[in-house]
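I opened this entry to look up how the chains and strands of the complex sit together. My notes follow in the order I checked things.

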2 protein chains.
Amino acid sequence: MQPTNSNPVPSLAEARAQFIHLWGVSGSSWGVSKTLAQVHALLLVSPAALSTEDIMEQLTISRGNASMTVRELLDWGLVYKELRPGERREYFVAEKDMLQVTRCIIRARKRRELDQMKRSLDQLAALPGDPADAEYRVFHATLTEIQQLATVSDKLLTRLMQAEKSWFWNTFLKLFM
Amino acid sequence: MQPTNSNPVPSLAEARAQFIHLWGVSGSSWGVSKTLAQVHALLLVSPAALSTEDIMEQLTISRGNASMTVRELLDWGLVYKELRPGERREYFVAEKDMLQVTRCIIRARKRRELDQMKRSLDQLAALPGDPADAEYRVFHATLTEIQQLATVSDKLLTRLMQAEKSWFWNTFLKLFM
DNA sequence: CACAAGTTTCAATAATTATTGAAACTTGTG
DNA sequence: CACAAGTTTCAATAATTATTGAAACTTGTG
């Protein structure tokens, strides 16, 4: 990578670096750590599998950080281990099918943001009260609406996760847009 | 609020406090500040409009924090000003229609998370390259897929934002679930 | 215009979250 | 079992983000 070249057409290496940076920024606006997003981006644009060592080097992050981040990506299902016979070192490849990637991300975010909330809401909504009391009425109405909404969102997301490629691109897209 | 009562049925005040707490926690897992979510929750369950003073007091936050948070909620469109003739002080009410609330939230998050990203992607995807090069092929394929996905998400979200109450609850929900 | 009653701004600080890096651990091999 | 080649953990630290609170500002009224 020679950033000294101020050519109007950036080199592939520059473009890749920009993509990794972009994905990192987007990641933060999303609630995942910048590093997680960057490691993911790096693996997405790497044709070959990379080792922890490669990742550390290319993103200049510490070994600990690389190790934990890769583990989290494996956890999300966004990255696979690739073991090479006779080698001790582990290599990692990203899931390249973006529909699959989307499913993983929806699944993880739904679990983190929605499912947890639904549980708490159910408890609160069960609270009995005096319907003559304005405070109670507003509280109860708000809670009920939020619950309904959470239920619909849940169903929508679940449906999207199950979506087949064909359904997603054809039925869904063409019928509804 | 007397938290000394260990009655199995919590009082309304306790339930409201729990709700505000819950919304605050959910808010953080979402990427908005805890305070923002809590002020929103407080206003959602308050039948009457509240002043900055009321909010500061009920959530024990500073004046500056309350002021900035309320301004941000106005910005999102989640809260309205209520001016009372002859009074200097400003009061605030939350938008109570949760479908409307959802629209506001989708709009804000889409702007923050998606639109920004699309702009950067378009730039990167325009990059020409050598199709014989594996690095380039993988890079280009990934970018194209992400762009398609971003476009579909954009359309889906836009559609959801325009959704009428009836469409949302009937057509959409019943046809697709 | 001076004052009262409020609101907003923003530098300093507190709280939270991410990262490092060295030590502990794991695992395959002679 | 000792060692080499790796991986993981986690306390300390750095970086980031949210909050405070006092000073500056705004606005309506006598």
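I set the cut-off first: a polar contact is a pair of N or O atoms within 3.5 Å; within protein, one must be able to donate a hydrogen and the other to accept it, and residues adjacent in sequence count only if both atoms are side-chain atoms. The model is predicted, so local features need pLDDT of at least 70, side-chain atom pairs count only at pLDDT 80 or more, and totals for chains, interfaces and linings use all residues. Residues are numbered from 1 along each chain as its sequence is written, chains are lettered from A and ligands numbered from 1 in the order in which they are written, and side-chain values use heavy atoms, with hydrogens and water left out.

**Entry 1: DNA strand C**

I looked up A:Arg88 first. One of its polar side-chain atoms lies 2.6 Å from a base oxygen of DNA strand C. A:Thr35 has a polar side-chain atom 2.6 Å from a phosphate oxygen of DNA strand C. For B:Arg71, I read 3.0 Å from a polar side-chain atom to a phosphate oxygen of that strand. Two elements give two or more residues to the surface near DNA strand C: α4 (63–76) of chain A and α4 (63–76) of chain B. Helices here are DSSP runs (H or I, at least four residues), strands likewise (E, at least two), numbered from the N terminus. α4(B) gives the most, 5 residues.

I count a residue as near if one of its heavy atoms lies within 4 Å of the molecule or strand. Of the 16 residues around DNA strand C, the nearest are A:Thr35, A:Ser62, A:Asn65, A:Arg88 and B:Arg88. Of the atoms of DNA strand C within 4 Å of the protein, 60% belong to sugar or phosphate, and the rest to bases.

**Entry 2: DNA strand D**

Which residues come nearest to DNA strand D? Of the 16 around it, I found A:Arg88, B:Thr35, B:Ser62, B:Asn65 and B:Arg88. Sugar and phosphate make up 57% of the atoms of DNA strand D within 4 Å of the protein. A side-chain N or O atom of B:Asn65 is 3.0 Å from a phosphate oxygen of DNA strand D. For A:Arg71, the distance from a side-chain N or O atom to a phosphate oxygen of this strand is 3.1 Å. A:Glu90 uses a polar backbone atom, 3.4 Å from a phosphate oxygen of DNA strand D. α4(A) supplies the largest share of the surface near DNA strand D, 5 residues.

**Entry 3: the two copies**

I superposed by least squares on the C-alpha atoms of residues with pLDDT of at least 70 in both copies. A rotation of 180 degrees with 0.0 Å of shift along its axis puts chain B on chain A, RMSD 0.0 Å. That is the relation of a two-fold axis. In chain B, B:Gly31 comes closest to the rotation axis, with its C-alpha at 2.9 Å.

**Entry 4: the sheet of chain B**

I noted an open sheet of 3 strands in chain B, order β1-β3-β2, with antiparallel pairing. Pairing requires at least two DSSP bridges between the strands. The edge strands are β1 (50–51) and β2 (79–83) of chain B. β1(B) joins β3 (residues 90–94) of chain B by 2 bridges. There, B:Leu50 has B:Phe92 as bridge partner. β2(B) and β3(B) pair over 5 bridges, and B:Glu82 stands opposite B:Tyr91. A hairpin with 6 residues between its strands links β2(B) and β3(B). In the turn, B:Gly86 has a positive phi of about 80 degrees.
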